[in-house]
Amino acid sequence: MYKLYSASVELTRKCNANCKHCIVDANSFDGEELSTERIMRLLEELNDEGCQNITFTGGEPFLREDWALFLQKAKALNMSIVIMTNGLKIDDSIIKVLKSFNVSVGFSLDGADAETHDRIRGVNGIFEHSVEVLKKLRKANVYTVVATTVMQSNFNRLDKIKDLLLKLNVESWQIQIVKPCSRLPENEVLTEEQYYKLAQKIVEYRKKYNKKMSIIEADCIGYNSALSKDLYIKNWRGCECGTNYVSIESDGTVKGCPNMSITEGNIRDIPFREIWQDHDKFSYNRKPNIDNLKGFCRECEHKYVCRGGCPVNCKTKDGGSYCLHKIETVGVS
Ligand SMILES: C[S@@+](CC[C@H](N)C(=O)[O-])C[C@H]1O[C@@H](n2cnc3c(N)ncnc32)[C@H](O)[C@@H]1O
Ligand code: SF4
Ligand code: SF4
């Protein structure tokens, strides 16, 4: 039996922004999305498998008119709820609903000024709107984690984002590295040197500001490094996608992670349990072939636990994962 712990449910692939880095390539899909009834049933199926934490994402989840029904259902199932958003649709009435269901907001902010954030997100005025919404969320006491995706366009502007978030009294800041995808211009990918500097920055921020604003590193920044004890909130035990985490796309496709291209089946065709409990699914993590690891990972002493880090992380020239331990041991590629 595989026990599920957390799930990400993509409510729609539609979006009102046009981010240059969008890993789900929002608005590219014009097929049929899951009905209200199917998503309601899915939430029960996830709960039956043990799921305690749910993240609603997209596209932009607030573009679905029935979004509040799913929050209500997840709350009734006693799940802890996060909704990821670009903030564009959030107003006082939405904030009221979020508050009433005790939902945490994952709010994407990639710059501390209109020039950076509007350009990355492809929407004029989104920065100004985001700041106003963050103030309102704070005032209403809705727990908010700001998520910043770091790429070349904002790598040198992290201190400014940090200053802004401290000024806004944001509770939590998640810093994640941009992952390569079809939409992302190649010149936005961080170098391995920058990757290491980013990890050092996260450690510095955590030491200095964690009492005021909790600093969360994303799973794509690691692993087994001299920095690890100050970098992680929890120990890295290898990618958990498909072992206790799952993702369902807006058309019902099941995957281990929203950022991965490997698919396992579709809940339109079969019940979720049949996919999740099938031993032959999610084989990259359930039956990993360590001999297939590339680059430095092949020789690494941590490979049986780490299994090559995040599978969709940026890759080194020899095909291994960006990895702090690798950089500390043999340097950058
Ligand atoms: C796909 S979006 C969906 C929810 C919502 N539209 C938003 O932007 O927050 C979820 C998160 O993934 C991040 N993201 C998108 N493309 C990414 C990429 N190539 N690498 C890393 N994170 C990415 C976004 O910045 C956002 O924080
Ligand atoms: S707001 Fe979110 S879903 Fe929309 S384009 Fe940007 S990252 Fe993609
Ligand atoms: S070199 Fe590979 S296996 Fe070793 S710690 Fe880094 S990512 Fe993990």
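**Exercise 1. Which right-handed unit do β1, helix α1 and β2 make?**

Keep in mind while working that this is a predicted model.

*Solution.* Start with the strands. β1 covers residues 6–12, and β2 covers residues 53–58. The two pair in the parallel sense, over six bridges. If you want one pair to look at, take A7, whose bridge partner in β2 is I54. Now add the helix: α1 spans residues 36–48, and together with β1 and β2 it makes a right-handed β-α-β unit.

**Exercise 2. Find the strand β8 partner of β1, and work out how covered β1 is.**

*Solution.* Step one: β1 is joined to strand β8 (residues 245–248) by four bridges, and these strands run parallel. Step two: go back to A7, because its bridge partner in β8 is V246. A7 therefore has a bridge partner in β2, namely I54, as well as the one in β8. Step three: count the burial. Six of the seven residues in β1 are buried, so the strand is mostly covered.

**Exercise 3. Walk from β2 to β4, naming the pairings and the crossovers.**

*Solution.* Take it one strand at a time.

- From β2 to β3: the strands pair in the parallel sense over four bridges. T55 has V82 as its bridge partner in β3. Between the two strands the chain passes through helix α2 (residues 67–76), in a right-handed β-α-β crossover.
- From β3 to β4: four bridges again join parallel strands, with β4 made of residues 104–108. Here I83 is matched by V105 in β4. Helix α3 (residues 92–100) completes a right-handed β-α-β unit with β3 and β4.

**Exercise 4. Is S104 buried, exposed or partly exposed, and what does S104 touch?**

*Solution.* First place the residue: S104 sits in strand β4. Next, the count. S104 has 19 other C-beta atoms within 10 Å, and being buried takes 20 or more, so S104 comes out as partly exposed. Then look for contacts beyond four places in sequence: these are I81, V82, Y143 and V145. Finally, try a C-alpha separation: S80 is 24 residues away along the chain, and its C-alpha is 8.3 Å from that of S104.

**Exercise 5. Describe the nonpolar cores.**

*Solution.* The largest one has 72 residues, and the members touching the most others are A7, V9, L42, L46, I54, F70 and A199. Helix α8 (residues 192–209) gives the most to this core, with five residues. For a close-up, pick F70: leaving out neighbours within four places in sequence, F70 is in contact with L11, I39, L43 and F56. Another core lies apart from the largest one; it has six residues, including C15, C19, C22 and V24. As background, nonpolar side chains tend to be buried together in soluble globular proteins.

**Exercise 6. Compare what surrounds the three ligands.**

*Solution.* Go ligand by ligand.

- Ligand 1 has 19 residues around it, and I23, M84, S108, A147 and K179 come nearest. The elements giving two or more residues to this shell are β2, β3 (80–85) and β5 (144–150). By class, you get nine nonpolar, eight polar and two charged residues.
- Ligand 2 is surrounded by residues including C15, C19, C22 and V24, along with N86 and R121. Those first four also turn up in the six-residue core. The classes here are six nonpolar, four polar and two charged.
- Ligand 3 has 15 surrounding residues, the closest being C297, C300, C306, G309 and C323. At least two residues of its shell come from each of α12 (303–306) and α13 (324–330). The split is six nonpolar, seven polar and two charged.

**Exercise 7. Hunt down the unusual backbone angles in the loops.**

*Solution.* Start between β7 (214–217) and α9 (228–231), the loop that holds Y223. The peptide bond from G222 to Y223 is cis, with omega near 15°. N224 lies in that loop too, and has a positive phi of about 45° despite not being a glycine. N224 counts as buried, because 21 C-beta neighbours lie inside 10 Å.

Now go to the loop between α12 and α13, where R307 is found. Its phi is near 55°, again positive in a residue other than glycine. R307 is buried too, with 21 other C-beta atoms within 10 Å.

Methods: Residues are numbered from 1 along each chain as its sequence is written. Chains are lettered from A and ligands numbered from 1 in the order in which they are written. This is a predicted model: local features need pLDDT of at least 70, side-chain atom pairs count only at pLDDT 80 or more; totals for chains, interfaces and linings use all residues. A residue is near a molecule or strand if its C-beta atom, placed from the backbone, lies within 6 Å of it. Ala, Val, Leu, Ile, Met, Phe, Trp, Tyr, Cys and Pro count as nonpolar, Asp, Glu, Lys and Arg as charged, and the others, Gly among them, as polar. A nonpolar core is a set of buried Ala, Val, Leu, Ile, Met, Phe, Trp, Tyr and Cys residues joined through C-beta atoms within 7 Å. A residue is buried if 20 or more other C-beta atoms lie within 10 Å of its own, exposed if 12 or fewer, and partly exposed in between; C-beta atoms are placed from the backbone. Two residues are in contact if their C-beta atoms, placed from the backbone, lie within 7 Å. A crossover is right-handed if, with the strands pointing away from the viewer, the path from the first strand over the helix to the second runs clockwise.
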